[in-house]
Amino acid sequence: MKGKRAVILIVGVLLLLTGCQRKIEPISKSGYMLNTFVTVTIYDKDDPEILEGSLELCRSYENILSKTLEGSEVYRLNHRPLGEQTVTVSQDVANLVSRGISYSRMSDGGFDVTVEPLSSLWDFTSSDPVIPGDDEIRQAAAKVGYENLKLEGNTLTFLSPETTLDFGAIAKGYIADRIKDYLLEKGVKSAVINLGGNVLCVGEKPDGEAFKIGLQKPYADRNETIEILDIRDLSVVSSGVYERHFEKDGVNYHHLLDPKSGYPYDNGLVSVTILSTLSVDGDGLSTTLFSLGLEKGIELANSLEDVYAVFITKDGEVHYSEGAEQFLAEKK
């Protein structure tokens, strides 16, 4: 029997699934969480309970890591009592703080896990967006600084009462990795996890073919791709200025904020896509490399093992780190 499925990602990349001979039709389930549509598709098992378990797992992590859901662990940390400096955190929060500090150091603060005062100041989803005032931005930027975090095991110390956490740039990747772990435990060997811009492929298609991942053409219709990649057992994550953004007086204001200036980056890049084994790395590195710009971003990507990057610049040119072009699908 021939089946044909197309899953369109909300942010950055498109998943293109072509039909093939198979005994089991793929099964899929979606839900709205993490402020996006989450979809899990399984190709080698007809077990809806596994899909349900995957979405339940995603929801449970949202209830831990969201900065906006009252009662979440991160919300409680960000609204800790005045004077409460040292706290014991869950293993998941400790893992993300550790990753966040690592990427913050790697980018010299271009990525910063304590960007919450700024990210909460800007609203890129409003129907009538407003640019924050210069004084507001300066005051918020002054509160940002990953150096004010000290992590020892599960003990987290805030060295400033104004330091708060925002895992928005790495949480989806971390959750995708945990869903993959769950699927593997259930015996799934062929699946695609799509967390609104974070695509994590489990294995390959049952017929041995690669999954087709289309990189969205910036500012174009989401069905329009600029490149198509052949992906097996890898994560593909994109960060771009065309995702959450608004335009005022001819200027594009987007969600990729420079923690130092408080304003969106304007460095000639339109998007960065990362191919990596772990989706949390793709998440963190897509923002990290974007913050560094094209030249330094490619230099960093080339220094990392089993990490590949695709950069798109304002002039529409596509640039690849070493080895990234090997994933380009043959054009027919």
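Start by selecting Phe37: at 47% relative accessibility, this residue is partly exposed (buried is under 20% relative accessible area, exposed over 50%, partly exposed in between, with a 1.4 Å probe and protein chains only). This is a predicted model, in which local features need pLDDT of at least 70 and side-chain atom pairs count only at pLDDT 80 or more, while totals for chains, interfaces and linings use all residues. Residues are numbered from 1 along each chain as its sequence is written, and side-chain values use heavy atoms, leaving out hydrogens and water.

Now add Tyr32, which is partly exposed at 48%. Tyr32 and Phe37 make an edge-to-face aromatic pair, 5.0 Å centre to centre with 75 degrees between the planes. For pairing, rings of Phe, Tyr and Trp (its six-membered ring) need centres within 6.5 Å; planes under 30 degrees apart are stacked, over 60 edge-to-face, and the rest tilted. The whole structure holds 8 aromatic pairs.

Next, pick Trp122 and Tyr263. They are also edge-to-face, at 6.0 Å between centres and 75 degrees between planes. Trp122 sits in the loop between α4 (116-119) and α5 (134-142), and Tyr263 in the loop between β14 (251-254) and β15 (269-276), 141 residues apart. Helices here are DSSP runs (H or I, at least four residues), as are strands (E, at least two), numbered from the N terminus. Which is buried and which partly exposed? Trp122 is buried at 4%, whereas Tyr263 is partly exposed at 26%. Add Phe124 to see the cluster that ring pairs build from Trp122, Phe124 and Tyr263.

On to the helices. Show α1 (residues 48-65) and α3 (residues 91-106): they pack at about 70 degrees, axes 10 Å apart. Axes are lines fitted to C-alpha atoms, for helices over the stretch in contact, and angles run from 0 to 180 degrees between N-to-C directions. So α1 is roughly perpendicular to α3 (65 to 115 degrees; under 35 is roughly parallel, over 145 roughly antiparallel, the rest oblique). Tyr61, Ile64 and Leu65 of α1 touch Asp92, Val93 and Leu96 of α3, contact meaning heavy atoms within 4.5 Å.

Keep α3 and add α7 (residues 279-303), where the axes come within 10 Å and cross at roughly 5 degrees. That makes α3 roughly parallel to α7. On the α3 side, select Leu96, Arg99, Tyr103 and Met106; their partners in α7 include Val280 and Leu300.

Last stop: Arg80, whose charged end sits over the ring of Phe158, 3.7 Å from its centre. A charge counts as over a ring if NZ of Lys or CZ of Arg is within 6 Å of the ring centre and within 35 degrees of the ring normal.
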